[in-house]
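Colleague: I've got a new structure open and could use some help reading it. Could you walk me through it?

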2 protein chains.
Amino acid sequence: MNNTPVTLKFLAEKLKMSVSTVSKALNNYPTINEYTKNRVQEMARDLHFTPNKSAINLKERKSRIIGIILPNLLDHFFTRSIYGVEQFATKNGYNIIISQSHDDLQKEIQSADMLLRSRVDGLIIAISKNTQDFAHLNQFENLGIPVVYYTRNPSFNLNCHKVLGNTFQGCYQATKFLIDRGHKKIAYIGGPKMINFTHDRFNGYINALKDNHLSFDANLVAYTDFDRENTISAIQNLFSADDNTPTAIVAFKEHILFDAIKYLRHIKHPQFNKIECIGFGNNSFINYLDTPPIASVEENPESVGENAINLLLKLINKEIDMESYQKVMVDCKLIVHND
Amino acid sequence: MNNTPVTLKFLAEKLKMSVSTVSKALNNYPTINEYTKNRVQEMARDLHFTPNKSAINLKERKSRIIGIILPNLLDHFFTRSIYGVEQFATKNGYNIIISQSHDDLQKEIQSADMLLRSRVDGLIIAISKNTQDFAHLNQFENLGIPVVYYTRNPSFNLNCHKVLGNTFQGCYQATKFLIDRGHKKIAYIGGPKMINFTHDRFNGYINALKDNHLSFDANLVAYTDFDRENTISAIQNLFSADDNTPTAIVAFKEHILFDAIKYLRHIKHPQFNKIECIGFGNNSFINYLDTPPIASVEENPESVGENAINLLLKLINKEIDMESYQKVMVDCKLIVHND
DNA sequence: AATACATTTTCAAACGTTTGAAATAATTTG
DNA sequence: CAAATTATTTCAAACGTTTGAAAATGTATT
């Protein structure tokens, strides 16, 4: 209800000194007399002085804000990754603004635009699945604002900073694990081909087969997206040939397995609870399933976030040159569930 | 890599006109000549002029930013509620800054402080479970910045704006549903007593029993928190008496039921798959359980968020007086799962 | 007491916008 | 064609900070 805002000027008038003295006292300048400092700080406290960030930003030509754009907040991978980012950002005096693109290019452009107006000091982004053109993101770098792509990134483009889960290694490990358990017919269910890591995972699968002298069978591979219908039909395909049916599955997302298991149970597949499967993710709900995946590929999202912010901070502080493009890989970890 | 930032002044020099003309042209002032407007707008586009929000905020004495503080982003209730907020905020030209308190008072105070410095135009908050003192939040109202409490709120305090799920009604409905299915021994598992809606839910349960002439049995009530250990022991208690064991459960959070079912299966309770249960939440994961809850109490988080932002916008626009404290209740909906 | 030096405070400009009032230019009117 | 009107542009101050340079004050030295 206070109508005159408490500004430096206001404090200065109260204390009968100049604005600069007040400013310097609050910022603990060595040239300011101790007694004066105390008086100023006390008054500032009493009157609940809160420095106006807009004014400071304007003056300093920076915002101490990091922007984050991601497809959505309903995906645990992303919310977990924010933990990592936030932790290190606040530790270094930065705040974060999170914006969702809802996997829509137009919305992503809007988000980028507002973050640009807010003059964020850096941007961390997981691009939408339709992002082909990068004009809206290149703007940042043109203004000298560093951008770090994480997880979802322009795969063809080497001229950007990236932090990625080592999804090849994760998929290789998962496949290898199943091979070591004696499986010969391991199916692979991949994700939308537009998303860049889909191929890396597939390659992990292929390489594990090859390295272990198993032949590749195209009938054991199916693709789906985030839509359940498509997942079901992908699974139907895999299990259509009665003679050559898989005994294990590797899936690009764990919840595909949930659908798979449910479907197999539904059609009363003779050994639906024998099929061993592994997916990316590490959903705590696994504990509640009757027929849980045998293992999960933990992507360590917090660590991905952590690496992204650390790289970004180095770019902001010019410890790394913006032109020397970095690529950081974060290893996955196979979590074996022994219920 | 552009080192001279593109500002109004810069444009003005290029165009050989005054800064104010440029400003007014970009803001489409009627007093500016059409031809001039076109020239200015074209140049602004070509040079990628981006207005500096800090400068505007400073001048306008507002930020067009809404702050949100919530315990964490791993809880689907909160992430879903953000959808509602975001949608209406952006529609009205506001951006949002999300900050997590991690259910820690100190962190909440920090968040509040940074949002205050950022001079948000309004605040939406779900308080941490330890928030007893509200000095850090009252500051906002002292500066004329409206605050809307949502979901988690100071229950004892009537002098604040609130948007709440009608958790009483939700719990009543759930209990009633089970009664109608013939259950006589319905257990209730409540949440942390610090959280205000725990009691409302309990009252919903009690009232449903009473209205349907079922007697209340204290042995059928247990409390837990977000910790699995405690949940297990709560369930153990409920099922310790061999003679008087519940046939149905209402739980304040759905995942408690997952633990309950798992536990009952584990101890091979004679009718673990007969026990009918209902919890708050509406986790899509339910579809994958062998023994799913019979129904869910959908709390409509998007709608809660929507109501919160709408109320806040009205307060910001002074359509509602800050002193006339509002309380909005959002009804829950019972979702019956017929597998 | 005059000078030198150190300590402390203030001045003034800058950051990038907005906007009412004043100035200027262009057009109409009698 | 001068005066009155209207259209368009510019001036100048303000928003709340920061900060190097200049000014003022205080203290020590001879």
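**Reading a protein–DNA contact**

Modeller: Sure; keep in mind that this is a predicted model. Start at the backbone: an N or O atom of the A:S18 backbone sits 3.0 Å from a phosphate oxygen of DNA strand C.

Colleague: And the bases? Which side chain has an N or O atom 2.8 Å from a base oxygen of DNA strand C?

Modeller: That's the side chain of A:K24. There's a backbone case as well: a backbone N or O atom of A:K59 is 3.5 Å from a base oxygen of DNA strand C.

Colleague: How do I read the share of sugar or phosphate versus bases?

Modeller: Take the atoms of DNA strand C within 4 Å of the protein: 62% of them belong to sugar or phosphate, and the rest to bases.

Colleague: How many residues surround DNA strand C, and which are the closest?

Modeller: There are 29, and the closest are A:T21, A:K24, A:T36, B:S23 and B:K24. By class, the surface near the strand has 11 nonpolar, 12 polar and 6 charged residues. As for helices, α2 (19–26) and α4 (53–60) of chain A, and α2 (19–26) and α4 (53–60) of chain B, each supply at least two residues of that surface.

Colleague: How are chains A and B related, then?

Modeller: Turn chain B by 180 degrees, with a shift of 0.0 Å along the axis, and it lies on chain A with an RMSD of 0.1 Å. The two copies are therefore related as by a two-fold rotation axis. In chain B, the C-alpha of B:S54 is the nearest to that axis, at 2.3 Å. Both copies use the same surface, too: 98% of chain B's contact residues recur in chain A.

Key: Residues numbered from 1 in each chain as written. Chains lettered and ligands numbered in written order. Predicted model: local features only at pLDDT ≥ 70, side-chain atom pairs only at ≥ 80, totals over all residues. Heavy atoms only, no water. Least-squares fit on C-alpha atoms with pLDDT ≥ 70 in both. Contact = heavy atoms within 4.5 Å. Near = heavy atom within 4 Å. Polar contact = N/O pair within 3.5 Å; in protein donor to acceptor, adjacent residues only side chain to side chain. Helix = DSSP H or I, 4+ residues; strand = E, 2+ residues; numbered from the N terminus. Nonpolar A, V, L, I, M, F, W, Y, C, P; charged D, E, K, R; others polar.
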